[in-house]
Amino acid sequence: MLDNDFSPVVEADKAHVWHHLFQHKALESRDPRIIVEGKGLSVWDQNGREFLDAVSGGVWTVNVGYGRESIADAVREQLVKMNYFAGAAGSVPGALFAEKLISKMPGMSRVYYTNSGSEANEKAFKMVRQIAHKRFGGKKHKILFRERDYHGTTIAALSAGGQPERNAQYGPFAPGFVEVPHCLEYRAQWDLTGEAYGQRAADAIEEVILREGPDTVGALCLEPVTAGGGVITPPPGYWERVQEICRKYDVLLHIDEVVCGVGRTGTWFGYQNYGIEPDFVTMAKGVASGYAAIACCVTSERVFDLFKTDASDPLDHFRDISTFGGCTAGPAAAIENMRIIEDEGLLDNTLAMGARLLDNLNALSEKHAAVGDVRGKGLFCGVELVADRSDRTPLDEKTVAAVVAECDRNGVIIGMTNRSLPGLNNTLCLSPALTVSAEQIDRISDTIDAALTTVLG
């Protein structure tokens with residue numbers, strides 16, 4: 001790569017590309033980073049610098065790693081045969097991937113293809129609203145979401161967003177979305193611990209349902225493990241009680257697996273760690289590991305049947321379209337992505353390497369007073385940094401960002417909560433590809449160790 005002149009690309013980027021989540025004022029004095037190539041867990045920028053990517057493409061996406069020729073070959077073979085037809089008709093890879101996906105999701109039965117995770121969640125929201133009109137005269141339309149959870153960037157998805165800084169300046173939001181409390185015991189809202197805390201956090205959802213009126217609440221939308229809100233794993237007793245509450249009040253349970261899905265937690269889906277029986281499961285990022293755009297809203301047959309009760313009624317079916325849900329590249333890539341995970345034993349590797357990563361991170365707490373809490377599931381881990389461990393005062397966002405930058409200077413890309421929660425953007429985020437090795441896990445934690453020493457002493 002060093003023999004290539006990337007200056008035209010850099011200039012074109014600076015002049016015309018509007019980057020995501022980025023303050024472009026910085027590019028008045030420096031060049032943007034262009035990621036040119038990837039292989040395994042390594043990526044190279046336009047200057048030839050190699051980085052170990054510990055966040056799978058920056059946003060928890062490239063589950064099977066970079067440079068998978070078999071996925072690229074599967075996509076090309078499909079595209080030259082049949083690239084696209086609107087989702088009112090079927091496609092060969094669409095049918096085959098749906099069958100394969102459902103085989104991993106007992107109790108679920110139908111796959112609705114969409115463009116992105118945000119849109120997959122919107123489809124579920126629309127289904128809930130239509131069900132409310134079909135069965136309850138429109139009254140049971142409210143959708144509950146959890147503080148700290150994130151469900152996408154559209155106005156409706158932000159309406160269900162529990163991260164105030166992400167929502168700031170984008171209102172007014174869609175009506176009928178109601179927040180419930182988070183379940184992070186480290187930032188406890190009740191003087192309880194363990195299973196008692198988990199059950200109390202779930203009971204808080206019931207309190208909101210009773211306050212709003214059970215006859216007005218149609219669905220509850222939750223991440224199985226909260227991602228951008230701080231990598232929050234649920235306390236014991238939480239999910240069992242949540243399921244019980246949903247059944248008690250006939251509230252549909254919508255699980256957002258956009259981050260946790262397709263192996264990230266060591267099971268095919270994050271909710272499968274907790275014995276949940278959802279009505280909707282939405283997914284995107286890891287479905288095809290970023291090799292093609294694909295997202296899915298998966299439902300139970302019970303939900304599907306509600307949209308075919310009266311063929312004579314022109315409003316009875318789900319009157320929705322997702323233009324690029326008709327692309328065949330996504331399911332073609334997803335089939336091969338799933339084969340790789342199965343054939344290479346990546347779920348088992350995720351469990352083993354996730355345990356090693358958590359052990360390494362917990363060891364850092366013995367060395368660095370700034371490590372307040374370590375949490376995670378599989379290869380989805382977080383380290384909450386604090387200024388004072390005794391009272392859990394969060395480390396300020398700029399200092400946390402300095403730790404991330406120091407890791408970057410040493411060739412390891414990690415993430416952090418940012419522009420999400422005022423005063424609580426203090427969690428380092430880690431989600432390496434499911435192919436990660438023990439040596440790479442140790443390099444990630446060693447680099448964080450060195451960065452904490454450099455930044456905080």
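## Pockets, cavities and nonpolar cores

The second largest pocket is lined by 25 residues, and those nearest its centre are Gly87, Ala88, Ala89, Tyr113 and Gly325. Three elements each give two or more residues to this lining: α3 (69-81), α4 (92-103) and β4 (110-114). Of these, α4 gives the most, with four residues. The space in this pocket comes to about 420 Å³. Its lining divides into 14 nonpolar, nine polar and two charged residues. The model described here is a predicted one.

Closed spaces come next. The structure holds two cavities of 30 Å³ or more. Their volumes and the classes of their lining residues are set out below.

| Cavity | Volume | Lining residues by class |
|---|---|---|
| Largest cavity | about 70 Å³ | six nonpolar, one polar, three charged |
| Second largest cavity | about 30 Å³ | six nonpolar, three polar, no charged |

The largest cavity is lined by Val128, Ile131, Ala132, Arg135, Phe136, Lys140, Gly218, Asp250, Leu252 and Leu306. Helix α5 (residues 117-136) supplies the largest share of this lining, five residues. The charged residues in the lining are Arg135, Lys140 and Asp250, and Gly218 is the polar one.

The second largest cavity is lined by Tyr113, Thr114, Ala293, Ile294, Phe324, Gly325, Cys327, Gly330 and Pro331. The elements that give two or more residues to this lining are β4 and α11 (329-343). No charged residue takes part in the lining of the second largest cavity, whereas the lining of the second largest pocket has two.

Two residues link the descriptions of this cavity and the second largest pocket. Tyr113 and Gly325 both line the second largest cavity, and both are among the residues nearest the centre of the second largest pocket. Strand β4 likewise gives two or more residues to the lining of the pocket and two or more to that of the cavity.

The packing of nonpolar side chains can be described through the cores. The largest nonpolar core has 100 residues, and within this core Val242 and Ile448 touch the most other members. Leaving out residues up to four places away in sequence, Val242 touches Ala202, Ile205, Leu220, Leu222 and Leu253. There is also a second, separate core of 18 residues, including Ala160, Phe177, Cys297 and Phe307.

Definitions and conventions
Residues numbered from 1 in each chain as written. Predicted model: local features only at pLDDT ≥ 70, side-chain atom pairs only at ≥ 80, totals over all residues. Heavy atoms only, no water. 1 Å grid on protein atoms, 1.4 Å probe; cavity = no way out; pocket = protein on both sides within 12 Å on 5 of 7 lines; lining within 4 Å. Points joined across faces, edges and corners; volume = space filled by probe spheres on them. Core = buried A, V, L, I, M, F, W, Y, C linked by side-chain atoms within 4.5 Å. Buried < 20%, exposed > 50% of the residue type's maximum accessible area, 1.4 Å probe, protein only. Contact = heavy atoms within 4.5 Å.
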